[in-house]
Structures are given as structure tokens and as C-alpha cells.
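Biologist: Please take a close look at one part of this model for me. I would like to follow a group of strands and what comes after them.

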Amino acid sequence: MPATAGRAPGAEPERMETNDRKLRLAVVGCGAVAAIHHLPAISLCRSAEAAVLVDADAGRARDLAARFGVAETATDHRSLAGRVDAAIVAVPNSLHAAVTIELLRQGVHVLVEKPMAVTVPECDAMIAAAEAARAVLAVGLEFRFFDFSLLVRNLLRDGLLGKIRRFEMHLGVIPRWPFATDFLLRKETAGGGVLADLGVHVLDLLLWWLGDWADVEYRDDAQGGLESDCELLLACRSGETGTVRGTVEISRTHNLSNSCFFEGERASLEVGIWDPDPEIRLLLADREVVLAGRARRPGGSGISFRDAFVRQIEDFAAAVRERREPFVPGREGRRIQALIAACYDRRQLLELPWSVIPTCGEPVS
Ligand SMILES: NC(=O)c1ccc[n+]([C@@H]2O[C@H](COP(=O)([O-])OP(=O)(O)OC[C@H]3O[C@@H](n4cnc5c(N)ncnc54)[C@H](O)[C@@H]3O)[C@@H](O)[C@H]2O)c1
């Protein structure tokens, strides 16, 4: 990680030694994801503890601090230098870049929630700030920490299916999430609709499993606002097997199968994608009987969202301690942002049930 302007070349920001003690964490943004996922997970971590809770709404920070036994609260992340080693940034999407860059400049390592930012130049500026500060920048894409995600990656990469012919992904989830604010409903604070929100998780999995994207066609239902439904025709560069094409359908207006299907020359694979412990089904070509089961580590049982958040924070803390890259580094958050930006650039209107206007005399069905 190169040194930067503003600091002597090669010099690192002053940081507290973290080898023999727990990483002192701030959580910036005390809304739903902090309350439901991050704080319960931190309390289960061996290598990290919550030291300061920050929210623009002082009452929200105080409430969560009381619930989780955190000693300090603040209303401004700029007051964190010297008080913590690292921070989880869980504010509205449009603030991810500014808050992260400010923290990195203070020498605070950052795990930023998904989506990494709302534009690619913002992602670039975040990566540059991390390099300049020699700090860890991790992106919160906890689906990568599910056991099934790793198993699917290995099955695909080890060539179990033979050459992959095509894939199909369907994700439809009607939100029932107790947001503290309305940021997700406004373009200027969310940055995008369902693609930038739910889509980030599953597109990240797809690229992690198959390889980087090469081309995309995109349709959604946004007509000046935020999209609720979208479809991608995606081509991925799939390692030794060349380009593989498939479709991705994402919705927040209706439930879908929440699954991904890969058709290969030798076998097909079907897996759930919105469940931390889904069934995986393997069908050998030209055979009638399916092999169905769940991903398990030796002696382990099924994992939950909570376990994935714990793993994500433990990995972040280890990356800080060992001065290594986190499991999901900034450039991989940027890769998804680049795909999302390409989708929005190439946007076409999705065919909507009401967009076919019957001609005069034709019955309306
Ligand atoms: N990884 C996941 O599975 C997952 C799940 C849900 C949300 N998220 C992400 O987490 C982020 C937050 O989502 P949420 O559901 O908690 O939203 P939310 O609306 O419930 O909470 C946002 C919080 O940020 C606070 N805030 C706003 N501006 C601030 C500032 N300048 N400084 C400090 N605090 C500020 C608000 O007061 C609020 O408490 C979003 O980026 C979202 O995409 C990730």
C-alpha cells in the first residue's frame, strides 16, 4: 500500500498496537443493520469489541449503547481519531464514501457496508485513501462468509459441472426491514434501487463464483425514480471455461424462487441464494436421481446470518492485526459498483404489465 501526500513517504498514521488485545471498534450509523446484525455479532467476537457508537441522532446511539453495554457514544465520526482502531460504517449509502475516506485519513481501518459507495469514482477514492493511510478497507458482503457460498465456488471452479453452458438467478424479496430512516426510498441517498440494494449481494456471489463480468444488457422499471424490478443478461469470463452467459432477475415487489441454477456439460447445480444454509442440488447429465444436501464444515452445523457477520468481523480484525487484505477488499466492492454503473448506463425499460395498451375494441384481460 503506497504512502501518500500529506504524510511523510513510508510513514504510517499513529495507531495503537492491536496484537495482544481486542480491536476497539466504532460503529458509525446506529440504524437497523447495526442493531440487528453488527452489534450482536461484535458481542460474540473473540478479537473485537464495540468501543464507541456514533449516530447523527444522539438518542439512537445512546439507546443502542445501553442495550449492548457500550461505554461511549458520539454524533460525529470525525471525533474518533485516537479513540478506536477501526470502524464499521453503516450509514445511508450516499455517505459511505465521505465517512470512510475521513476515517481512513484519521488512520482508522474501515469495514464499510454494502454497497461500497454509489459511484465508481467514489470507490476509487476510498481505495486510494486506504492505500495512502496503509489501512484496511473491507466491504460488508457477508454472503461470502456462508459455507454454501464457498462450496459452490469450489464446485464450479474445480470443474465438477464440466463446461458451464448457462446460469439463471432469481431473487425476489419484499422488504420487511425496520429501517430507522427513509434513505432507501430516495435516489439521492440510496444511489439506486433494488439492483444497488439486494442485487449487490447476489451479483457479488455470481462474480466471485464465475469470474469477472464481460458484458451486460439491463432492463428495469425505473422511469425517473428508483427501480423495484430489474433483469440482467450477463456475460461472465469464467476461468478456463471461457465466457458464460445467463440471466438475473431481481425484485422487491414480488417473491421469487431465490435460487441460482447452473447448467454444465456434465451436471447441473441448483442452490438457494437468500438463505444462509440452503439445499444444494446436483443433477448429473442424463440421470434421473438428484444429489441434495447442505454445506457443512467437518463437525459443523448449519450457519446463520449472525455467524456470517461474526466471521466477517473476525476476518476484518485479523486483516488489521496481520496487516493483510480482508476477504472482501475494496477492489471487489468496486467491481460490483462498476457492473451496477454499466447497468444504469445501458438501462432499457422493462416490459411492465400495464405498458401494453390494448388497441380500441380489444378486450382488457
Ligand atoms: N449487509 C447487509 O446485509 C445489510 C443489511 C441492511 C442494511 N445494510 C446497509 O447498511 C447501511 C445502513 O442501513 P440500515 O438499514 O441500518 O439503515 P437505517 O436507516 O436503519 O440506519 C441508518 C442510520 O445512519 C444514521 N446516520 C445518518 N447520517 C449519519 C451520519 N452522518 N453520521 C452518523 N450516523 C448517521 C441514521 O441516523 C440512522 O440511525 C446501508 O448502507 C445499507 O445498505 C446492509
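Modeller: Here is a walk through the strands, then out to the surface. The model is predicted, so local features need pLDDT of at least 70, side-chain atom pairs count only at pLDDT 80 or more, and totals for chains, interfaces and linings use all residues. Residues are numbered from 1 along each chain as its sequence is written, and side-chain values use heavy atoms, without hydrogens or water.

Start with β11, residues 259-264 (strands are DSSP E runs of at least two residues, helices H or I runs of at least four, numbered from the N terminus). On one side, β11 pairs with β7 (pairing takes at least two DSSP bridges). These two strands run antiparallel, and six bridges join them. Look at C260 in β11: M169 stands opposite.

β11 also pairs with β12, residues 267-272. Again the sense is antiparallel, with five bridges. Here F262 has L269 of β12 as its bridge partner. β11 and β12 make a hairpin, and two residues lie between them. In a regular strand, side chains alternate between the two faces of the sheet.

Now return to β7, which spans 164-172. A loop lies between β7 and α6 (187-190), and F179 sits in that loop. Is F179 buried or exposed? F179 counts as partly exposed because its relative accessibility is 35% (buried is under 20%, exposed over 50%, partly exposed in between; 1.4 Å probe, protein chains only).
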